[in-house]
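Colleague: Please give me a close look at one part of this model. I work at the bench, so spell out the cut-offs as you go.

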Amino acid sequence: MTDTSPRTTGPGAGEAVGAASGNAVAGGADLVLTGVTKRFTDFVAVDNLDLTVPQGSFFALLGPSGCGKTTTLRMVAGLETPTEGEIRLAGQDITHLKPYRRPVNTVFQSYALFPHLTIFENVAFGLRRQGKPDVDAAVAAMLDLVELSDLASRRPAQLSGGQQQRVALARALINRPQVLLLDEPLGALDLKLRRQMQIELKRIQTDVGITFVHVTHDQEEAMTMADTVAVMNRGVIEQMGAPMDLYEHPMTTFVANFLGQSNLIGGRVLGSDGADLEVEVHGTRLRVPRSRGAQDTGEVWVGIRPEKVQVCAPGSADDGPRSRLAGGVITDASFIGVSTQYLARMPWGQELMAFEQNTGAHEQFRVGDHVELRWVPEHTFLLDADQDANAGVERVDEG
Amino acid sequence: MTTVASGRSSIGKWIGDHLIMGIGLLVLLYMFTPIFIVVLMSFNDPASRIGYSFDGFTLHNWLNPCEPNGMCDAVVLSVQIGLAATLGATFLGTLMAFALVRHRFRGRAVANVFTFLPMASPEIVMGSSLLALFVTAGFAGVLGFWTILVAHIMFCLSFVVVTVKARLAGLDPRLEQAAMDLYANEWQTFRRVTLPLVFPGILAAALLSFSLSFDDFIITNLNSGQAVTFPMYVWGANQRGIPPQINVIGTAMFLIALITVLAGELGRRRRG
Ligand SMILES: Nc1ncnc2c1ncn2[C@@H]1O[C@H](COP(=O)(O)OP(=O)(O)OP(=O)(O)O)[C@@H](O)[C@H]1O
Ligand SMILES: [Mg+2]
């Protein structure tokens, strides 16, 4: 019943794309956005977006509130028409296809459960509209999966927020679409249930092999669940890649600050020496592997993650090559259990962060202590100095 | 000390609870006294024709409701007009409400204001200008059922539009989008999601239309020609002395309204 032969479906052609009613197509069912722009009167919500989501992958769209995540999903779902650009699924242009002709389902940010229908009928809705057989059995199995079998005859208003969210998930997932769009599906859950659902979601995704596009502003959620994370800011994708890659190789100050935290110190590239760049930072020379530089000449931001910084007493011994910045004075030391977070004021006035694991192997410092900051040179990264060093700093806190 | 304090507060609480209850009961009494009188009078056995006093109990009125000459014809006419006006006004008004809420078109704001106008203008003015319209349009000779119906649909329309519009405006558009996302085409979305959710508003509008139509006197009286509706009959009868059967009709109407409301409430409870 699945149809893998390429079909060209022009805008408005009266047929559903590919396996609108069937299981995911094997291979080549990538979701591709090309030059997609969405303008609301004079406001550009999504700006010339290029995006490829490989079939069967778990793709996370991460970004601060108002950056255009929901708008992007709505265009893929067909609930919003792009002002410009093209959206393709499995090679077919779906840019102007009606929502009900797309093999795409959405878990809405606000759930949008049908208040006049029972939970059972909510979940059965998509199958019934497609005229599928054995609806009852499929719904029962789905409700079982999201552990809501007991509540099948209730109405949405009689459920807790977390339960409603699971209904929304079940209602979309039961259709086995080619692409499942999830708009912050776990936002209303408490931390414990959220972790549980994250594992569950990931398991379901792996089992059924459906492409998930998961919108969130919880960076931890994005990194733990997704194969690929795209960091979005003001309607554009700042950077995209595997979670670890993104974290270790931020290419913009926004990504460096939004995904985890970063110390960004003003510096200048003096020249290169084989595989290394020589960088001057407020009178100190540092070596940075060339591969770690998003920029390799002129003014740069020298970046280092706080957990990679070691706080040491001046002149103490090293156990390997280290980059070092001397002359720091501790201005704050917060003990938070697993680690201690230090702020050290440097001679040029900037306060740098350092997170030390409480392994007991390091010396503890107090406010006022003179220290030296050290790190493995390979952990340094260089960013274009034209950017705002504080971009993405005020990220939305979890919870 | 503590006992005194708690004693005082419990007295205060007692007064608070029961005072509010008492006031509530008085207000209800105020509202229901006239209805109680109507029910009572439907069992009246009047000594004279102009009797407004309760002279004795009888079931005669209930057993012979159509005794007064022409009264039941008037009731039947009112019910017919009421049903037809309800149907017409609810249908047109619902369509108008959808257009006003869902579509952006030129003149939408003006149309919104104009639908309010009939509600705001005095009935006597509307009635007389309608009459002028019918007469100049050459319908002077055929004033009756149809002219009354046209008039009733007109003034019910505003109420329907306002009622349905309120319900529709409170409907989250994302519900319809979710339906479309779940493979429902436009018609199925309307049939399965929009209509069921807006239906309580439409039903309320229909009930309101019927009761507005059923007891309208001023506009009807001006445009009725030879036809006599129930309110007109009562008005006429009042000149000569009200037959107790009018109270039977009144009580019956009240009971029907009560049952409708209770049934609606019960249905709502059952649905959760
Ligand atoms: N219908 C609309 N008309 C005008 N502006 C809109 C409309 N829908 C969205 N916007 C604007 O587009 C921008 C992006 O909105 P969007 O809903 O995509 O954000 P988001 O990334 O999903 O944010 P959040 O994390 O808060 O859900 C916002 O600034 C929003 O105000
Ligand atoms: Mg959103």
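Modeller: What follows takes one helix of chain A, then the sheet beside that helix, then some strands elsewhere in the chain.

First, the ground rules. The model is predicted, so local features need pLDDT of at least 70 and side-chain atom pairs count only at pLDDT 80 or more, while totals for chains, interfaces and linings use all residues. Residues are numbered from 1 along each chain as its sequence is written, chains are lettered from A and ligands numbered from 1 in the order in which they are written, and side-chain values use heavy atoms, with hydrogens and water left out.

Now the setting. Chain A has 8 helices and 20 strands. Both are DSSP runs numbered from the N terminus: helices are H or I with at least four residues, strands are E with at least two. The C-alpha atoms of chain A fill a box of roughly 75 × 45 × 40 Å along the principal axes. Of the 399 residues in the chain, 50% are buried. Buried means under 20% relative accessible area, exposed over 50%, and partly exposed in between, with a 1.4 Å probe and protein chains only. Take the contacts in chain A with a separation of 6 or more: 66% of them join residues 24 or more positions apart. Contact here means heavy atoms within 4.5 Å.

Helix α1 of chain A spans residues 69-77. Is this helix enclosed or open? It is largely enclosed by the rest of the structure, because 8 of its 9 residues are buried. The buried set is Lys69(A), Thr71(A), Thr72(A), Leu73(A), Arg74(A), Met75(A), Val76(A) and Ala77(A). After the helix comes Gly78(A), with a positive phi near 95°.

Pick one residue. Thr71(A) sits in α1 of chain A. Its relative accessible area is 12%, so Thr71(A) counts as buried. What does Thr71(A) touch? Leaving out residues up to four places away in sequence, the partners of Thr71(A) are Lys38(A), Phe40(A), Ala45(A) and Val46(A). As for distance along the chain, Ile119(A) is 48 residues from Thr71(A), and their C-alpha atoms are 27 Å apart.

Next, the sheet. Four strands of chain A form an open sheet in the order β2-β1-β4-β5, with antiparallel pairing. The edges are β2 (43-53) and β5 (92-93) of chain A; each has a single partner strand, so one side of each lacks a neighbour in the sheet. Strand β4 of chain A (residues 84-89) pairs with β5(A) over 2 bridges, in the antiparallel sense. Two strands count as paired if DSSP finds at least two bridges between them. In this pair, Arg88(A) stands opposite Asp93(A) in β5(A). Helix α1(A) packs on this sheet and touches β1 (31-40), β2 and β4 of chain A. The direction of α1(A) makes about 115° with that of β1(A). Axes are lines fitted to C-alpha atoms, for helices over the stretch in contact, and angles run from 0 to 180 degrees between N-to-C directions.

For another covered element, go to strand β9 of chain A, residues 228-233. How many of its residues are buried? The count is 6 of 6. In a regular strand, side chains alternate between the two faces of the sheet. Here Thr228(A), Ala230(A) and Met232(A) point one way, and Val229(A), Val231(A) and Asn233(A) point the other way.

Strand β9(A) has partners to look at. With β3 of chain A (residues 58-62), the pairing is parallel over 4 bridges. There, Phe59(A) stands opposite Thr228(A). With β10 of chain A (residues 236-241), β9(A) pairs antiparallel over 5 bridges. Ala230(A) faces Met240(A) in that pair. β9(A) and β10(A) make a hairpin with 2 residues between them. Arg234(A) lies in the turn, and its phi is positive, about 50°.

One last stop. Ser339(A) belongs to strand β17 of chain A, residues 339-345. With a relative accessible area of 6%, Ser339(A) is buried. Neighbours within four places in sequence aside, Ser339(A) contacts Ser334(A), Glu356(A), Gln357(A) and Asn358(A).
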